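Thanks for sharing this one with me. I have gone through the model and put my notes into numbered points, so you can check each against the coordinates.

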Amino acid sequence: MGAERIQDRERERERERERSMPRIRLDLPRERRARLLPEYDPEAFGRLSERVARFLGTGRFIVWMTVTIVVWVLWNIFAPSSLKFDEYPFIFLTLALSLQASYAAPLILLAQNRQDDRDRVNLEQDRKQNERSIADTEYLTREIAALRMGLGEVATRDWIRSELQDLIKEMEERRDGRRDLFPPGGDPRSDVPDR
């Protein structure tokens, strides 16, 4: 009896442990874990990189960059020495230009990759549209060929006109008595000579 009580207590503890543990449900998505690195929206970052790359490729950027460098150099050459912040070898200017270039290059590459992806999608859509157009064209070509073949067996206006003219000539010849109803030597049941 003591052993049963111990087993009952063990079972009760096990049930209690199961109730206290969160149950893993497969029908619900997992909760997001906390990350050490900040999260960002890749689409927003991509759009920002495209805007920056678009601006870097304009004449306005080149003009502003040139004006900034000229003012920087002139200021640090002709300004009083107490107001100069970058002496002749212009180390700080070189650092600023290098920093700008180090950020500009990857942003331009990211913008180009996004444009390549868009171009790839557009080309795929164009290819599918061309395939549909080709299939439609082939279908219409087959339909036109079938109509032409069907028209080959249909009496045309010119053919009916020529047949009627032949009948009129034949009736005039009969009326004038120049032609027998059934020419000699032919089978009266055959219509071969009449064709």
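The points below begin with the whole chain and then turn to particular residues.

1. **What kind of model this is.** Please keep in mind that this is a predicted model. The chain has five helices and zero strands, so the reading from the N terminus on is simply α-α-α-α-α.

2. **Burial and surface.** The chain has 195 residues, and 9% of them count as buried. Its accessible surface comes to about 18300 Å², and carbon and sulfur atoms own 59% of that area. Among contacts with a separation of 6 or more, 49% are between residues 24 or more positions apart.

3. **Salt bridges overall.** How many salt bridges does a search of the whole structure find? There are eleven. Four residues, Glu43, Glu50, Arg114 and Arg118, are linked in a network of such bridges, and I would look at that group with the side chains switched on.

4. **Glu50 and Arg114.** Glu50 sits in helix α2, which covers residues 42-56. Arg114 forms a salt bridge with Glu50, and the closest N and O atoms are 3.0 Å apart. Because Arg114 belongs to helix α4 and Glu50 to helix α2, this pair ties together parts that are 64 residues apart in sequence. The two side chains also make a polar contact at 3.0 Å.

5. **Is Glu50 buried or exposed?** Glu50 is buried, as its relative accessible area is 10%. Its partner Arg114 counts as buried too, because its relative accessibility is 16% and the cut-off for buried is under 20%. For anyone wondering about charged groups in general, side chains of opposite charge can pair when their charged atoms come close.

6. **The second arginine.** Arg118 forms a salt bridge with Glu50 as well, with the closest N and O atoms 2.9 Å apart. Here again the pair links distant parts of the chain, with Arg118 in helix α4 and Glu50 in helix α2, 68 residues apart. Arg118 has 34% relative accessibility and so counts as partly exposed. Leaving aside neighbours within four places in sequence, Glu50 is in contact with Ala111, Arg114, Gln115 and Arg118.

7. **Ser49, next on the list.** Ser49 is also found in helix α2. At 0% relative accessibility, Ser49 counts as buried. Its side chain reaches the backbone oxygen of Gly46 at 2.7 Å. Not counting residues up to four places away in sequence, Ser49 touches Leu107, Leu110, Ala111 and Arg114. Ala111 and Arg114 therefore appear in the contact lists of both Ser49 and Glu50.

8. **A pair within one helix.** Arg127 forms a salt bridge with Glu131, the closest N and O atoms being 2.3 Å apart. Both residues lie in helix α4, four residues apart, or about one turn of the helix. An α-helix has 3.6 residues a turn, so residues three or four places apart point the same way. Arg127, at 38% relative accessibility, counts as partly exposed, and Glu131 counts as partly exposed at 44%.

9. **A nonpolar patch.** Which residues make the nonpolar surface patch of about 530 Å²? They are Trp75, Leu83, Phe85, Phe92 and Leu95. Phe85 has its place in the loop between α3 (59-78) and α4 (91-152), and at 47% relative accessibility it counts as partly exposed.

10. **Phe90 in that loop.** Phe90 lies in the loop between α3 and α4. Its phi is near 50°, a positive value in a residue other than glycine, and you may like to inspect the backbone there. Phe90 is buried, with a relative accessible area of 12%, whereas Phe85 is partly exposed.

11. **Helix α5 and what follows.** Helix α5 runs over residues 157-176, which gives 20 residues. From first C-alpha to last, α5 reaches 29 Å, close to the 28 Å expected at 1.5 Å a residue. After α5 comes Gly177, whose phi is positive, near 75°.

Technical notes: Residues are numbered from 1 along each chain as its sequence is written. This is a predicted model: local features need pLDDT of at least 70, side-chain atom pairs count only at pLDDT 80 or more; totals for chains, interfaces and linings use all residues. Side-chain values use heavy atoms; hydrogens and water are left out. Helices (H or I, at least four residues) and strands (E, at least two) are DSSP runs, numbered from the N terminus. The expected span of a helix is 1.5 Å times one less than its number of residues. Patches are made of residues with over 30% relative accessible area and no salt bridge: like charges are joined within 9 Å, nonpolar side chains (Val, Leu, Ile, Met, Phe, Trp, Tyr) within 5 Å. Accessible areas come from the Shrake-Rupley method with a 1.4 Å probe; for residues, only the protein chains shown count as cover. Buried means under 20% relative accessible area, exposed over 50%, partly exposed in between (1.4 Å probe, protein chains only). A polar contact is a pair of N or O atoms within 3.5 Å; within protein, one must be able to donate a hydrogen and the other to accept it, and residues adjacent in sequence count only if both atoms are side-chain atoms. Contact means heavy atoms within 4.5 Å.
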